[in-house]
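Reader: I am a first-year student, and I should be grateful for a close look at one strand of this chain. Would you please describe what surrounds that strand and then place it within the whole?

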Amino acid sequence: MKASLLGLCIFLSVFAKAQNPLDALLPLEEGDRDGATIMTYDKGTLKVFRKGTNALICLADDPEKEGFHVACYHKDLEPLMARGRELRAMGKDNKEINSIREAEAKSGKLKMPETARTLYVLSGKDKESANLRWVVYVPWATAESTGLPTKPLVPGGPWIMFPGTYRAHIMITPVN
């Protein structure tokens, strides 16, 4: 009896965090969803679930990680994102990843977008309470080149994060 109850508990805990690949599309407008590529996690490895027809790539929630997190981004950001995943898989920490990618971006080895490209993120404790934010990558941009402050002037206001670096981006986090 105890073994079957334990088995049921394990099954329910896995099922409760089961991945729905289509949840990856939630950050996008309805019109962009049908054409987006969807990537899902299979035992920690990212795999293409559906090849898309537009310029957007969406990552499903990783069932092995706590909370809910899905993201979609323009395909021009894939070299940056893929390199980060590759370095993380090699055991590098965030500081090492940023240092390596910065050097590679400066040398041209890591191809960065030449114009602004957006990342859409929906994350939270669970899907129902998740919040949406936009991250507009503008490599090497500064407060001076964008006219944006380096911190939000009002709650939810846009600002530039990591100005002057390869990962400079405009943060827009609506107040919920």
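**Strand E1 and its surroundings**

Author: Strand E1, residues 37-42, is mostly covered, with five of its six residues buried. This description rests on a predicted model. The mean pLDDT of the chain is 90, and 90% of its residues reach 70 or more. Residues 1-16 have a pLDDT below 50, and in the model this stretch has zero contacts beyond near neighbours in sequence.

Strand E1 pairs with two strands, E2 and E3. With strand E2, residues 45-50, the pairing is antiparallel and consists of five bridges. One of the paired residues is Thr40 of E1, whose bridge partner in E2 is Lys47. E1 and E2 form a hairpin, and two residues lie between the strands. In that turn, Lys43 has a positive phi of about 55 degrees.

With strand E3, residues 56-59, the direction is parallel, and three bridges make the connection. Here Thr37 has Ile57 of E3 as its bridge partner.

The next topic is the nonpolar interior. The largest nonpolar core has 20 residues, of which Leu59, Tyr73, Leu80, Leu119 and Tyr137 touch the most other members. E1 and E3 each give two or more residues to this core, as do strand E4 (68-74), helix H3 (78-89), strand E5 (117-124) and strand E6 (131-137). Apart from this core lies another, of 10 residues, among them Ala24, Ile38, Leu56 and Ala60. In soluble globular proteins, nonpolar side chains tend to be buried together.

Tyr73 shows how such a core member is surrounded. Neighbours within four places in sequence being left aside, Tyr73 is in contact with Ala55, Leu56, Ile57 and Leu59. Its other contacts of this kind are Glu78, Met81, Arg85, Thr118 and Leu119. Ile57 thus appears twice in this account, as the bridge partner of Thr37 and as a contact of Tyr73.

Aromatic rings deserve a brief remark. A search of the whole structure finds zero aromatic pairs. Arg167, however, lies over the face of Phe162, at 3.6 Å from the ring centre.

Finally, the strand may be placed within the whole. The chain has five helices and eight strands, and from the N terminus on its elements run α-α-β-β-β-β-α-α-β-β-α-β-β. Of its 176 residues, 39% count as buried. Among contacts between residues at least 6 apart in sequence, 43% join residues at least 24 apart.

Notes. Residues numbered from 1 in each chain as written. Predicted model: local features only at pLDDT ≥ 70, side-chain atom pairs only at ≥ 80, totals over all residues. Heavy atoms only, no water. pLDDT = per-residue confidence, 0-100. Contact = heavy atoms within 4.5 Å. Buried < 20%, exposed > 50% of the residue type's maximum accessible area, 1.4 Å probe, protein only. Helix = DSSP H or I, 4+ residues; strand = E, 2+ residues; numbered from the N terminus. Pairing = 2+ DSSP bridges. Phe/Tyr/Trp six-rings, centres within 6.5 Å; stacked < 30°, edge-to-face > 60°. Lys NZ or Arg CZ within 6 Å of the ring centre and 35° of its normal. Core = buried A, V, L, I, M, F, W, Y, C linked by side-chain atoms within 4.5 Å.
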